[in-house]
Every structure is written in C-alpha cells, then in structure tokens.
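User: Hi! Could you take a close look at one part of this model with me, and then walk me through a few other sites?

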Amino acid sequence: MRKTVSDLHAELVRYQLVAWTAGNVSGRIPGEDLFVIKPSGVSYDELTPEAMVVCDLDGNLVEGEHAPSSDTAAHAYVYRHLPEVGGVVHTHSTYASAWAARDEAIPCVLTAMADEFGGEIPVGPFALIGDDSIGQGIVKTLKGHRSPAVLMRNHGVFTIGKDPKAAVKAAVMCEDVARTVHISRQLGEPLPIPQADVDRLYDRYQNVYGQRSPR
Ligand SMILES: [Zn+2]
C-alpha cells in the first residue's frame, strides 16, 4: 500500500491536478484500522514508498519518519465514517476548484459525468482545516450520493473510491468534466441530460462497462 499510494502521487502530477505539494492520496490498509498517506510538505518527486506514513483512523501517526499530510484528519474522518471507502484523494485542481470557489455544483451535462458521477458533482460546505469540519463536510455531502467527488466550497476537491486508484481516477475525471463544462458555459447554456438517461448511463458504466472487474 505504501508503494501504491506513493506511485499514485505521480498521477496527480501527470494529470496536472497539483501545484507544489498541494494534493494528497491515501489508501486504507485492507483488514486494518490503518491507512497510508503522503507525508506533509515533501515534494512529489521525492516521494518513495519508505517516505509514506501510516496513520490510525483517528489520524495519529503510527509509522513513518515524517509528519503526516496536514489533510490527514479529513482522510481519517472519511475512513472512520465510510467503511466501504478504501482510497481518498484531495487536490486543488484548477477548474474544479474554480467551481468550488463559486459554491456551484457541476451540472450533469456530459455522458461521461453520468457514467462516473451518476449526476452532478455536489458542493460541500465551507470548512477550515484543523479539526473534523472538512471530514464532516465530505461525509455529509457524499453519503448516499452517487458522486465519488465533492467540491468543498472555497477550497478544492475530495474524492473517494474503493481503493486509492479509483479515488485518483475520480479526481482526474472531476477536473476533466469541470473544464469541459466550464468551456461549454462560455459558449452558451449546456443542456442537462434527462434523469432517466443519466440513470441508464450510470447503471451501464458501473455494472457492464469494461472488464467486469469489481469497481
Ligand atoms: Zn486543500
């Protein structure tokens, strides 16, 4: 899991979702009340499996040379409250954060959004770092929602997945559709997809598409 999480940070860079050290990936260790997360303030090209840190579900450092990411409390809160989640990603990716700054959900106007997010990408509340407020906002918004991504108001993106790779994919797709819908807006008013079609697309993508491996 240290290697998986370490390697996935390179994807945040590859897809241009992060500037400096402002983004992080974590992964729950299967069968344990522990997760692996990025160390705080370490640049992406210096990340190695050994540099990653292990925390318990209260966000306490269990193993590692470095201090855990400053977003550790939010990741820990998500793992504590959403047992099906195996991976969490946080970024300030440009277009998605631009929507978050406006407190506006990204409307479902692309089939790719219906596939991956099952509808709009919702906005979560404004919350300051330092306690459980960010985690509470993420869980409150995503619990019972199809979307694996939430735009935290005035902040950025948090995504969840069955594993860290799925959460990274959601972060990449979130930025991609945030950009496209933004551009569409510049051209006029994007057309919503009827709910019945959103449901059909979501069901097909989640259950039929691909190699039939569990998502
Ligand atoms: Zn942040």
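User: With which side chain does the side chain of Ser133 make a polar contact?

Analyst: Happy to help. First, a word on the ground rules: this is a predicted model, in which local features need pLDDT of at least 70, side-chain atom pairs count only at pLDDT 80 or more, and totals for chains, interfaces and linings use all residues. Residues are numbered from 1 along each chain as its sequence is written, and side-chain values use heavy atoms, with hydrogens and water left out.

Now to your residue. The partner is Asp131: its side chain and that of Ser133 make a polar contact at 2.3 Å. A polar contact here is a pair of N or O atoms within 3.5 Å; within protein, one must be able to donate a hydrogen and the other to accept it, and residues adjacent in sequence count only if both atoms are side-chain atoms. Ser133 sits in helix 5, which covers residues 133-142 (helices are DSSP runs of H or I with at least four residues, strands are E runs of at least two, and both are numbered from the N terminus). Ser133 counts as partly exposed because its relative accessibility is 23%; buried means under 20% relative accessible area, exposed over 50%, and partly exposed in between, with a 1.4 Å probe and protein chains only. Setting aside neighbours within four places in sequence, Ser133 is in contact with Ala127 and Leu128, where contact means heavy atoms within 4.5 Å. Val36 is 97 residues from Ser133 in sequence, and their C-alpha atoms are 21 Å apart.

Next, the metal site. His90, His92 and His155 coordinate the zinc ion, each through NE2, at 2.0 to 2.1 Å. Donors are N, O and S atoms within 2.8 Å of the metal (3.2 Å for Na, K and Ca), and water is not among the atoms, so sites may look incomplete. The spacing of these donor residues in sequence is H-x1-H-x62-H. His90 counts as buried because its relative accessibility is 1%, whereas His92, at 37%, counts as partly exposed.

Finally, there is Gly118, in the loop between helix 4 (111-117) and strand 6 (123-124). With a relative accessibility of 9%, Gly118 counts as buried. Not counting residues up to four places away in sequence, Gly118 touches Met113, Arg146, Val198 and Tyr202. Arg200 lies 82 residues from Gly118 in sequence, with 9.3 Å between their C-alpha atoms.
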